[in-house]
Amino acid sequence: MSRIDRRRFLRRARNTAGGVVAGLLAGSGRPVHATDTTRMQGGPARPYGERSRFEKLVRWITPARYPTSTASWTPLAGLDGVVTPSALHYERHHGGVPDIDPHAHRLLVHGLVTRPLEFTLEALRRFPQVVRLCFLECSGNGYREWTGPGGADVQQTHGLTSCSEWTGVRLADVLAECGVGPAARWVLAEGADGAAMTRSIPLAKCLDDVILAYAQNGEALRPEQGYPLRLLVPGYEGSISVKWLRRLKLGEQPWYTREETAKYTDLMPDGSAREFSFVMEAKSVITQPSPGGEPLAAGFHEIRGLAWSGRGRVTRVEVSCDDGATWQDATLHGPVLPVCHTRFTLPWRWDGAATVLASRCHDETGYVQPTREALRAVRGDHSFYHYNGIQRWRVDAAGRLFNV
Amino acid sequence: MSEAMERKRQVAAARRVRDERRGAPAGHAWSVLRAAIVVVNALLAVAFAAVAAAGETAAAPRFGLGSAADDARMAAWDIAIDAAGASLPAGQGSARDGASIYAAKCAHCHGASGREGPDPPLVGGAGSLDGDAPMQTVGSYWPYATTIYDYVHRAMPFTAPGSLAPDEVYALTAFLLHANGIIAADTVLDRDSLPAVRMPNRGGFVPDPRPDVP
């Protein structure tokens with residue numbers, strides 16, 4: 001490059017918009033861009049990782065009078081795979097996030113047991129370990145969708161579900177250590193938070209697959225997820241997986257706490273209400289494309305979404321790209337695990353015409369995700385929890401998506 | 001033990017069938033092998049019986065982890081009041097006693113009479129549950145009066161949970177029940193009278209019938 005060429009280049013570079021910094025690397029004659037990461041040392045190693053400064057995905061927090069009694073919703077549209085980053089896991093707090101010293105924490109197990117025992121975290125960690133991936137979902141996920149489209153985007157319609165790898169010990173092992181009394185049928189779980197959150201859980205479920213979890217995605221639970229110890233009750237509504245767990249009491253009857261009478265019950269059209277409606281039924285949603293993103297361009301897109309069932313494995317997800325006129329089987333990305341988010345994809349070529357996208361899933365019990373209309377026909381318009389209707393996204397001719 | 005014997009017999013029968021199908025080799029070596037199998041089966045039966053016997057004393061702790069529950073901790077933490085109210089503490093209060101406590105500690109969020117908010121109403125809604133605008137309040141919806149005691153004691157007031165004395169909790173429970181027309185203003189609630197209060201929606205709850213949507 002001659003001297004004149006170089007000057008010309010420098011001038012042109014100075015005038016170029018977009019942050020290009022003019023310059024030449026001595027000796028090489030190649031232009032250097034300030035963001036050419038191959039021409040400089042990167043940042044230093046750091047003891048605890050953070051995401052890139054360019055990544056801005058955050059939870060959406062329901063506006064509430066008290067910031068300690070609210071919910072934060074996972075930004076599903078921006079996530080891939082099936083594991084939710086711990087920092088983006090949905091949350092529901094009833095009395096804030098307690099700051100618990102794990103060395104001082106105790107789990108008390110009493111009531112109808114032969115030996116009332118208390119456990120330090122250290123003692124609990126000595127029990128045989130179990131590891132499993134499992135979704136959690138607030139039973140209020142989708143509460144605004146009962147009578148028509150409510151949330152603006154998938155974060156607001158479906159963001160109260162997340163999926164993690166959980167590590168802990170079998171509750172059955174811990175209960176056996178205490179000696180379950182023959183009359184015991186229910187277990188009261190109580191948290192050490194400002195709500196002293198309590199739920200009654202059938203003993204049979206506790207002896208089946210409930211975990212006392214101390215780790216999430218390979219590290220200690222986040223404070224918001226119950227540090228240092230929480231219940232994990234696979235397939236049941238999230239509130240029963242009591243966080244900051246400090247006490248389990250065995251009894252003959254459920255306790256009928258406020259959280260299983262005033263809340264977390266389902267009002268039916270005849271005025272009756274369903275109690276102890278634990279299971280989260282099969283559900284799916286298309287996360288990409290979904291409202292709030294850049295308008296779609298005509299041409300190829302891969303439809304991507306999540307499906308899950310509290311009753312076991314997802315066996316099939318169908319996707320419609322023509323407002324329900326036809327349905328195609330999406331690819332399920334294995335391993336498909338029970339009670340776990342399952343990623344599905346389907347190639348799609350958008351012709352630029354307005355349409356509606358939707359997904360519906362099937363689980364291993366043969367259950368098929370219902371429409372909103374089918375749900376309302378049975379449960380009416382005054383239920384709040386357990387909405388799992390088919391989610392429809394309208395695509396207009398400009399490529400924008402809307403909840404319909 | 002008889003179960004173990006039966007199992008052994010079945011296994012042996014299955015093996016005979018299998019061997020016949022495979023055309024098992026005859027002769028001395030096979031006899032020795034079969035004799036060895038018989039011995040092994042006998043040993044297994046003994047082991048099975050031992051395990052079964054151990055099962056009968058399964059109450060013994062398997063891991064030896066945890067320590068005896070501390071009595072003081074158990075007493076301090078065991079705050080749950082069940083539907084029958086069996087563990088209600090001593091103390092008492094009436095709606096008259098509760099009015100001033102409510103005004104001082106509750107009205108800020110729940111409204112002067114329990115209807116005004118800003119938080120959802122605690123009072124009213126009687127007979128509304130099967131209508132177009134159901135109101136799920138303490139009076140119209142909650143099936144057990146004991147739950148009011150349990151919840152107010154453990155979680156209220158919101159900014160100072162667990163701070164109310166038993167007399168205050170009884171009085172506030174009475175205040176809410178009276179405001180909903182369920183007890184008289186001078187009814188005194190205590191560990192005996194509170195569980196006896198019958199809530200209007202006591203029979204309103206049904207088991208979960210799902211899957212319920214075709």
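**Sheets, interface and core of a two-chain model**

In this predicted model, three strands form an open sheet in the order β14(A)-β15(A)-β4(B), and their pairing is mixed. The edges of this sheet are β14, residues 266-267 of chain A, and β4, residues 205-207 of chain B, each of which pairs on one side only. Between β14(A) and β15(A) there are 2 bridges, and these two strands run antiparallel. Here A:Asp266 stands opposite A:Arg274, a residue of β15(A).

A further pairing also joins the chains. β5(A) pairs with β1 of chain B, residues 67-68, in the antiparallel sense over 2 bridges. Within β1(B), B:Ser67 is the residue that stands opposite A:Glu118. In general, the strands of a sheet pair through backbone hydrogen bonds, in either a parallel or an antiparallel sense.

Contacts between the chains involve 53 residues of chain A and 42 residues of chain B. On the chain A side, the elements that give two or more residues include the strands β4 (107-111), β8 (186-191) and β13 (245-251), as well as the helices α4 (171-178) and α6 (372-379). The largest share of this side, 4 residues, comes from β13(A). By type, the residues of the chain A side divide into 24 nonpolar, 15 polar and 14 charged.

The largest nonpolar core has 123 residues, of which A:Val109, A:Val187, A:Leu212 and B:Leu172 touch the most other members. Helix α7 of chain B, residues 166-179, supplies the largest share of this core, with 9 residues. Beyond its neighbours within four places in sequence, A:Val187 is in contact with A:Ile201, A:Leu203, A:Cys206, A:Leu248 and A:Leu250.

Notes. Residues are numbered from 1 along each chain as its sequence is written. Chains are lettered from A and ligands numbered from 1 in the order in which they are written. This is a predicted model: local features need pLDDT of at least 70, side-chain atom pairs count only at pLDDT 80 or more; totals for chains, interfaces and linings use all residues. A nonpolar core is a set of buried Ala, Val, Leu, Ile, Met, Phe, Trp, Tyr and Cys residues joined through C-beta atoms within 7 Å. A residue is buried if 20 or more other C-beta atoms lie within 10 Å of its own, exposed if 12 or fewer, and partly exposed in between; C-beta atoms are placed from the backbone. Two residues are in contact if their C-beta atoms, placed from the backbone, lie within 7 Å. Ala, Val, Leu, Ile, Met, Phe, Trp, Tyr, Cys and Pro count as nonpolar, Asp, Glu, Lys and Arg as charged, and the others, Gly among them, as polar. Two strands pair if DSSP finds at least two bridges between them.
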